[in-house]
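Student: I should like to learn how to read a protein model step by step. May we work through one together?

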Amino acid sequence: MSASHKPLSLAEFKKRRKPPRNVNKEFSEKLSRIDRFAVWITNRVGTMGFFLVIFAWTVLWLGWNLLAPKPLQFDPPMGFVLWLFISNLIQILLMPLIMVGQNIQGRHSEARAENDLEVNVRAEEEIEVILHHLEYQNNILIAMTQKLGCSVEDTGKKG
């Protein structure tokens, strides 16, 4: 690059530059209510709190129906038909809902990854502009030292 070829100024570069996007906000604004509900369920079911609720419910249910007096038991021990029915119902309803939520979360991850790529490409462009500025300044300094009659090697020595 010659000393006369000026690189982009900061103002010119900023004019060309697209403003940064908030992909998380954009993605959440596109979600329907049912999609938000699916993500909400997916986030809640995948917690230790939900596991502990289900575990406590199971222990209480089975414990009551095994240890309580016969007239107070409502689900016959060793059959636990009602408990099995409710457990299966929970599983059948939650499985597809969790899968929907995971698909939505996957699309969100892909959108974030694409945005990260855009940011990286922009960063590379900015680095290239900086390198052009450094090269331009280097050429000016070399021209100045030559005009003063010094060699480039002499400029680094203390004298």
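The discussion below concerns a predicted model, taken from the whole chain down to one residue.

Student: How many helices and how many strands are there in the protein chain?

Tutor: Read along the sequence, the chain follows the pattern α-α-α-α-α-α. No β element appears in that pattern. The count is therefore six helices and zero strands.

Student: What radius of gyration does the protein chain have, set against a compact globule of 159 residues?

Tutor: The C-alpha atoms fill a box of roughly 110 × 40 × 15 Å along the principal axes. A compact globule of 159 residues would have a radius of gyration near 15 Å. For the protein chain, the value is 33 Å.

Student: What share of the 159 residues is buried?

Tutor: A residue counts as buried when its relative accessible area is under 20%. The protein chain exposes about 12,500 Å², with carbon and sulfur atoms supplying 66% of that area. Of the 159 residues, the buried share is 18%.

Student: Why does Asn65 count as buried?

Tutor: Asn65 is placed in helix H4, residues 48-67. Buried means under 20% relative accessible area. Asn65 counts as buried because its relative accessibility is 0%.

Student: Which residue has its backbone nitrogen 3.0 Å from a polar atom of the Asn65 side chain?

Tutor: Leaving aside neighbours within four places in sequence, Asn65 is in contact with Gln73, Phe74, Asp75, Pro77 and Phe80. One of these contributes the backbone nitrogen that lies 3.0 Å from a polar atom of the Asn65 side chain. That residue is Phe74.

How values were computed. Residues are numbered from 1 along each chain as its sequence is written. This is a predicted model: local features need pLDDT of at least 70, side-chain atom pairs count only at pLDDT 80 or more; totals for chains, interfaces and linings use all residues. Side-chain values use heavy atoms; hydrogens and water are left out. Helices (H or I, at least four residues) and strands (E, at least two) are DSSP runs, numbered from the N terminus. The radius of gyration is taken over C-alpha atoms; the globule rule is 2.2 Å times the number of residues to the power 0.38. Buried means under 20% relative accessible area, exposed over 50%, partly exposed in between (1.4 Å probe, protein chains only). Accessible areas come from the Shrake-Rupley method with a 1.4 Å probe; for residues, only the protein chains shown count as cover. A polar contact is a pair of N or O atoms within 3.5 Å; within protein, one must be able to donate a hydrogen and the other to accept it, and residues adjacent in sequence count only if both atoms are side-chain atoms. Contact means heavy atoms within 4.5 Å.
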